[in-house]
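Visitor: I would like a close look at a single part of this structure. Please take it slowly and stay with what the coordinates give.

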Amino acid sequence: MIIVLKPHATPEIVEHVLERIEALGLSPHLSQGVSCTIIGVIGDEDKLQVQPLQAIPGVEKVVPILKPFKLASREFHAEDSVFTIKGIKVGGGHLAVIAGPCAIESEDQLFEVAARVSRAGANILRGGAFKPRTSPYSFQGMGVEGLRLLKSAGEQFGMPVVTEVMDPRQVEVVERYADILQIGARNMQNFDLLKECGRTRIPVLLKRGLSATVKDTLMSAEYVLSEGNRQVILCERGIRTFEDSTRNTLDLSVIPNIQGQSHLPIIADPSHATGRPDLIPAMARAAIAAGADGIHIEVHGCPEKALSDGPQALVPDQFDRLMDEIRPLAELMGRTIDTCKKEATACAPC
Ligand code: PEP
Ligand code: MN
């Protein structure tokens, strides 16, 4: 439910309404814009229905939010959410360019890719330390040692870093090293993990599940938001369909679809969506043209030696070309690509 206050509502009126809501055991969320003040109310709406809140002087109207997701909805927060992560903005006209290897494999491998993607203009570094693999016999990631390398690469190149957390018990350690917690597609409905990430105060990159609807995705975001963490970035990474010539099917319509219903930024991951380097650049461009708030690209110095997702990795030269292609497109779409603070230094090729 949303309580819209009259334009001249005084701080005393705002305070009074907040107190009334809290007295009912509900949690108010105040959002003060330049021209209007609204108070979102989360909790058992039945309690509010019988309260004549509309009768309080200064209250313009009381509007129910009919959607099952509340904090994630546009009704609750009309403006685009913008998050600042170590100086890099995501959302509201700022294009996140997240790039790096699927998995962190060694210091040399990570630093070589980090140097190249940072020099090409990526503004967030990715790398998996805990890997969700289909087979228990596949490389599972370097764990905490990988996190340590990622943090130090981020510091060296002045980039915020994102890495996946697979289990609620890992959140504490991953939070110590990462600037953004990634919740992978397979865990999108791991509700305990969502809640644990919601208790942190660092941004969450929430990837759409393999067969999740838009509503499922926004309900998962709601889990994080309802724990008090307001920084959720959504990610379309392809869904399962009957098509088997690509790894998944990139659902580009989900970008404007979600942007119409939610204030949260949404980025696209053409790497996992297509699984094919020959398709990734076109799909990255298409995602930006569709209004995406960012792209997420896997890059590896030597894909043939990669321990995870090698077949879909772009090599650094391909990533350079992709950046050259998306810069004018981003400008056309009114998006700026924030740049990292530090100058990247060249690294030897593998
Ligand atoms: C990844 O980002 O490496 C990954 C495993 O992604 P997803 O959860 O989208 O498969
Ligand atoms: Mn991957």
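In which loop does Asp309 lie?

Guide: This is a predicted model, and the values below are computed from it. Asp309 is found in the loop between strand 14 and helix 11. Strand 14 covers residues 294-298 and helix 11 covers residues 316-332. The backbone of Asp309 has a positive phi, about 55 degrees, although the residue is not a glycine. Asp309 counts as buried because its relative accessible area is 18%, and the cut-off for buried is under 20%.

The side chain of Asp309 takes part in a metal site. Four residues coordinate the manganese ion (ligand 2): Cys102 through SG, His272 through NE2, Glu298 through OE and Asp309 through OD, at 2.1 to 2.4 Å. Along the chain, these donors follow the spacing C-x169-H-x25-E-x10-D. Cys102 and Asp309 link distant parts of the chain, 207 residues apart. Cys102 sits in the loop between strand 7 (96-100) and helix 3 (107-120). Like Asp309, which is buried at 18%, Cys102 is buried, with a relative accessible area of 5%.

Glu298 is another of the donors to the manganese ion (ligand 2). Glu298 belongs to strand 14, and strand 14 also borders the loop that holds Asp309. With 1% relative accessibility, Glu298 counts as buried. The side chain of Glu298 has further partners. One polar contact, of 3.0 Å, joins the side chain of Glu298 to that of His272, and His272 is itself a donor to the manganese ion (ligand 2) through NE2. Another polar contact, of 2.8 Å, runs from the side chain of Glu298 to the side chain of Gln312.

Helix 3, which borders the loop of Cys102, leads to an aromatic pair. The structure holds 2 aromatic pairs, and one of them is formed by Phe111 and Phe157. The rings of Phe111 and Phe157 are 6.2 Å apart centre to centre, with 55 degrees between the planes, and the pair is tilted. Phe111 lies in helix 3 and Phe157 in helix 4 (residues 144-157), so the pair ties together parts that are 46 residues apart in sequence. Phe111 is buried at 11% relative accessibility, and Phe157 is buried with a relative accessible area of 2%.

For the backbone of Asp309 there is another residue to set beside it. Lys86 also has a positive phi in a residue other than glycine, near 45 degrees. Lys86 is in the loop between strand 5 (83-85) and strand 6 (88-90). Lys86 is partly exposed, with a relative accessible area of 45%, whereas Asp309 is buried.

Ligand 1 can be described in the same terms. Its surroundings consist of 14 residues, and the closest are Arg126, Ala185, Arg186, Lys207 and Arg237. By type, the shell around ligand 1 divides into 3 nonpolar, 4 polar and 7 charged residues. The side chain of Arg126 places an N or O atom 2.7 Å from an oxygen atom of ligand 1. For the side chain of Arg237, the corresponding distance from an N or O atom to an oxygen atom of ligand 1 is 2.6 Å. Ala185 approaches with its backbone, where an N or O atom is 2.8 Å from an oxygen atom of ligand 1. Taken alone, ligand 1 exposes 300 Å², and the protein buries 98% of that.

Terms used: Residues are numbered from 1 along each chain as its sequence is written. Chains are lettered from A and ligands numbered from 1 in the order in which they are written. This is a predicted model: local features need pLDDT of at least 70, side-chain atom pairs count only at pLDDT 80 or more; totals for chains, interfaces and linings use all residues. Side-chain values use heavy atoms; hydrogens and water are left out. Donors are N, O and S atoms within 2.8 Å of the metal (3.2 Å for Na, K and Ca); water is not among the atoms, so sites may look incomplete. Helices (H or I, at least four residues) and strands (E, at least two) are DSSP runs, numbered from the N terminus. Buried means under 20% relative accessible area, exposed over 50%, partly exposed in between (1.4 Å probe, protein chains only). A residue is near a molecule or strand if one of its heavy atoms lies within 4 Å of it. A polar contact is a pair of N or O atoms within 3.5 Å; within protein, one must be able to donate a hydrogen and the other to accept it, and residues adjacent in sequence count only if both atoms are side-chain atoms. Accessible areas come from the Shrake-Rupley method with a 1.4 Å probe; for residues, only the protein chains shown count as cover. Ala, Val, Leu, Ile, Met, Phe, Trp, Tyr, Cys and Pro count as nonpolar, Asp, Glu, Lys and Arg as charged, and the others, Gly among them, as polar. Rings of Phe, Tyr and Trp (its six-membered ring) pair if their centres lie within 6.5 Å; planes under 30 degrees apart count as stacked, over 60 as edge-to-face and the rest as tilted.
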